[in-house]
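I opened this entry to keep track of what I looked up in one model. The notes below follow the order in which I went through it.

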Amino acid sequence: WLADVMLSSYPQYTLSYTLASAFPATVQRFYDAVLEPVFNALVPILTPLKASAPQPVIYAALVSADLALAAASCIFAITTSAGTLLTCFALAVSAKLLRRVPANKESEAAAGP
């Protein structure tokens with residue numbers, strides 16, 4: 001039901017893909033324990049919905065689902081492994097620091113020589 005999206009280049013730019021690349025064992029445990037039963041139950045419902053929904057709605061749903069899956073994956077990792085808590089914290093701090101870099105460069109440019 002989602003093969004056209006999954007076989008495109010889109011997945012490599014998602015947060016879920018990044019987490020799966022960084023923590024393959026944890027994400028696989030999350031998939032096996034949580035996602036697989038949910039997806040098996042939802043595929044019969046989602047298939048006709050995807051066929052009838054407008055493309056922008058599908059893309060918005062996929063982006064929202066990606067964010068939700070990434071958050072749920074982090075929560076799963078935190079609750080199943082204390083070491084992963086530190087990793088998620090490090091990723092959050094890194095993301096925050098990366099967002100600050102352009103702001104610092106702009107403020108330096110505004111200050112002048």
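These notes go from the whole chain to a helix pair, then to aromatic rings and single residues.

**Entry 1: the chain**

I noted before anything else that this is a predicted model. I counted the elements next and found five helices and zero strands. Read from the N terminus, the order is α-α-α-α-α. I then looked up burial: 17% of the 113 residues count as buried. For contacts with a separation of 6 or more, I found that 79% join residues 24 or more positions apart.

**Entry 2: helices α3 and α4**

How do the axes of α3 and α4 cross? I took α3 as residues 24-52 and α4 as residues 55-80; their axes come within 10 Å and cross at roughly 155°. The cut-off for roughly antiparallel is over 145 degrees, so I entered α3 as roughly antiparallel to α4. The crossing of α3 past α4 is right-handed.

I listed the residues that meet between the two helices. On the α3 side they are T26, V27, R29, F30, A33, V34, L35, F39 and K50. On the α4 side they are I58, L69, A72, S73, F76, A77 and T80. Sorted by type, the residues of this contact come to 11 nonpolar, three polar and two charged.

**Entry 3: aromatic pairs**

I searched for paired rings and found two aromatic pairs in the structure. One of them is F30 with F76: the ring centres are 5.3 Å apart and the planes stand at 50°, so I recorded the pair as tilted. Which parts of the chain does this pair tie together? F30 belongs to helix α3 and F76 to helix α4, so the pair links parts that are 46 residues apart in sequence. I checked the accessibility of both residues, and F30 and F76 are both buried.

The rings of Y31 and F39 also pair, with centres 6.4 Å apart and planes at 45°, so this pair is tilted too. Y31 is partly exposed, at a relative accessible area of 32%. F39 is partly exposed as well, at 29%. I also have F39 on the list of α3 residues that meet α4.

**Entry 4: S73**

Is S73 buried or exposed? S73 sits in helix α4, and I found 7% relative accessibility for this residue. Buried means under 20%, so S73 counts as buried. Setting aside neighbours within four places in sequence, I found S73 in contact with L19, V27 and F30. V27 and F30 are among the α3 residues that meet α4, and F30 is the residue whose ring pairs with that of F76.

**Entry 5: L62**

I looked up L62, which is another residue of helix α4. L62 is buried, with a relative accessible area of 16%. I also took a C-alpha distance here: L62 and T14 are 48 residues apart along the chain and separated by 9.7 Å.

**Entry 6: Y17**

Last, I turned to Y17, which is placed in helix α2, residues 15-22. Y17 is partly exposed, and I noted a relative accessible area of 42%. Which residues does Y17 touch, not counting those up to four places away in sequence? I found P11 and Q12. I also checked Y17 against A70: the two are 53 residues apart in sequence, and their C-alpha atoms are 8.8 Å apart in space.

Conventions: Residues numbered from 1 in each chain as written. Predicted model: local features only at pLDDT ≥ 70, side-chain atom pairs only at ≥ 80, totals over all residues. Heavy atoms only, no water. Helix = DSSP H or I, 4+ residues; strand = E, 2+ residues; numbered from the N terminus. Buried < 20%, exposed > 50% of the residue type's maximum accessible area, 1.4 Å probe, protein only. Contact = heavy atoms within 4.5 Å. Axes fitted to C-alpha atoms, helices over the stretch in contact; angles between N-to-C directions. Parallel < 35°, antiparallel > 145°, perpendicular 65-115°, else oblique. Left-handed = near helix turned anticlockwise from the far one by under 90°. Nonpolar A, V, L, I, M, F, W, Y, C, P; charged D, E, K, R; others polar. Phe/Tyr/Trp six-rings, centres within 6.5 Å; stacked < 30°, edge-to-face > 60°.
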